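Grab a pencil and work through a few short exercises on a protein chain. Try each task yourself before you read the solution.

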Amino acid sequence: MNPTADPVNAELQAGGGNPASSLTAKEITAFSSTILSHLKQIYEHEVRRAAPGFNQESCHERSADSAVQVTGHNESTQGHVYERSSEQKAPSTPFGSFDEFLAHAASSSCNALGPPKTYDLDHPISNYFISSSHNTYLTGNQLYSRSSTDGYKNVLLRGCRCIEIDVWDGESPDDTSGSSSDEEPEVHGLRNRLKHGLGHLGHHLPAASEYKERASRAQQEQHRAPKPWRSQAARAEPRVLHGYTATREVPFRDVCETIGKYAFQTSDMPVIVSLEVHACLEQQEIMVEIMEEMWRDHLVDHPLPESGGDAHDATDIPLPKLSDLRNKILIKVKYTPPKPPPSKKPPPAPEQLANIDSALPSAALPDSSDSDSASSAHAQKSKILSALSRLGVYTRSYHFRSFSTPEAAIPTHVFALSEKSLLGVHAADPAALFAHNRDFLMRAYPKGLRVSSSNLDPAPFWQQGVQMVALNWQVWDRGMMLNEAMFAGEGGW
């Protein structure tokens, strides 16, 4: 089953626990003759047991029709409809009249799911489970399916609150238009599509050496050059796809526009956008521009006044309360520490230099060129633009090494591990895993071998306190059924 194949019906699909039509879908306006017959038997049995000798004639008369209307006249209701006669007197029983019994059966009190209980939203966001999606842009399998904005529309309307975007460099308009005047022919068949897609990885991902060169050049020109991507001229913009596969792409701008349109139509709970960034620094600058343009006031780009903390110190920002993030979009992205200010130590006096020169051999003296090259190499290691990294205010991704590292104690850190890695961590130290997830956020995602977009069993990960268990929403399986039961009526949190 492919739920994203028909996005028009997204509001009727389960999986996220909060379809837009969930309230009206649970309203009972009429009973069928079959259900009515069973209800009559239940009523008579309970009345007979509680009030022996009770006259059941009125009950038989009222159940003779094939259906009973519960909430007044409904032209769309099929079958015969019973309407209470004002002249008939309701028999006195411990359960009331048969009409009252039917009204009770149609009320929310008899709903198998029951209305969701109101819960406290004034705890830090790490205290809540979050309905999450994996590779949200894909409409099918992980190898050659199509990327589409419909995937984001679909899951957001179904109540998903954590979505994923894999971002890669876009192609220049000159490159795409100048290569050929004819459209590229359609490629059919799994093997041919894989061969075709993998053969064009050069278009999807430049060589590693080219990336390093572009990153180095961007680092050098970032502070001295004017903003190169702010003009309205034709430019290459980032795109969304599953890298190293034959999956088809979709523009990053279109994805952001769709998220901004549908993020809060069925829930006002915050949306976490998990970014997997493979784009160069120039393209990352465009990403920041597009997100700020599309999401505007919804985007959390600095600590909220209610939560406090220093925006320049990642270790000092506490997690906010869920109630403070209604209708907000949080960015989950790898954290890049801000560059330290240049050292302004006064130069040593000539006498000190003379003493150093005489006391140390020449081999022990520091080489300024080596120092400069070391600091330059350190600066080039950063693959995430600082302007993009700062958008990860409350959800900053760090590479997991252990629970004893300094970053594991930062309130805003997020560890993301595959299901296989998480099972290994749990086997090694389950107590540490559970203790970590009591106070900090963690995300689990399917292992790479699930090329058919099958889902993991989310229950064991929820039991260990993993708040974001990302599932493939484009399929309907046991994992998505459990997700529906977990978040039914909860707004995705």
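The exercises below are about this chain, and the model you are looking at is predicted.

**Exercise 1: the whole chain**

Find out how many helices and strands there are in the chain.

Solution. Step one: go through the secondary structure, and you get 18 helices and 12 strands. Step two: look at burial, where buried residues make up 44% of the 493 residues. Step three: turn to the surface. The chain exposes about 26400 Å², and carbon and sulfur atoms supply 53% of that area. Step four: check the contacts with a separation of 6 or more; residues 24 or more positions apart account for 76% of them.

**Exercise 2: a strand and its partners**

Work out which strands pair with β10, and whether β10 is largely enclosed or not.

Solution. Start with strand β9, residues 395-397: two bridges join it to β10, and the two run parallel. In this pairing, Arg396 stands opposite His413 of β10. Next comes strand β11, residues 441-445, which pairs with β10 over five bridges, again in the parallel sense. Here you'll find Val414 opposite Leu441 of β11. Now for burial: a residue is buried if its relative accessible area is under 20%. Five of the six residues of β10 (residues 413-418) are buried, so the rest of the structure largely encloses this strand.

**Exercise 3: one leucine**

Decide whether Leu423 is buried, partly exposed or exposed.

Solution. First, place the residue: Leu423 lies in helix α15, which covers residues 419-428. Second, take its relative accessible area, 48%. Third, compare with the cut-offs: buried is under 20% and exposed is over 50%, with partly exposed in between. Because its value is 48%, Leu423 counts as partly exposed. As an extra, look at Phe461, which is 38 residues away from Leu423 along the chain. The C-alpha atoms of the two are separated by 8.7 Å.

**Exercise 4: two packed helices**

Describe how helix α5 and helix α10 pack: what are the angle and the distance between their axes?

Solution. You need two numbers, because packed helices are described by the angle between their axes and the distance between the axes. For α5 (residues 150-157) and α10 (residues 252-262), the angle is about 20 degrees and the axes are 9 Å apart. Angles under 35 degrees count as roughly parallel, so α5 is roughly parallel to α10. The crossing of α5 past α10 is right-handed. Finally, list who makes the contact: Tyr152, Lys153, Leu156 and Leu157 from α5, with Val255, Thr258, Ile259 and Tyr262 from α10.

Terms used
Residues numbered from 1 in each chain as written. Predicted model: local features only at pLDDT ≥ 70, side-chain atom pairs only at ≥ 80, totals over all residues. Heavy atoms only, no water. Helix = DSSP H or I, 4+ residues; strand = E, 2+ residues; numbered from the N terminus. Buried < 20%, exposed > 50% of the residue type's maximum accessible area, 1.4 Å probe, protein only. Pairing = 2+ DSSP bridges. Contact = heavy atoms within 4.5 Å. Areas by Shrake-Rupley, 256 points an atom, 1.4 Å probe, with all protein chains shown as cover. Axes fitted to C-alpha atoms, helices over the stretch in contact; angles between N-to-C directions. Parallel < 35°, antiparallel > 145°, perpendicular 65-115°, else oblique. Left-handed = near helix turned anticlockwise from the far one by under 90°.
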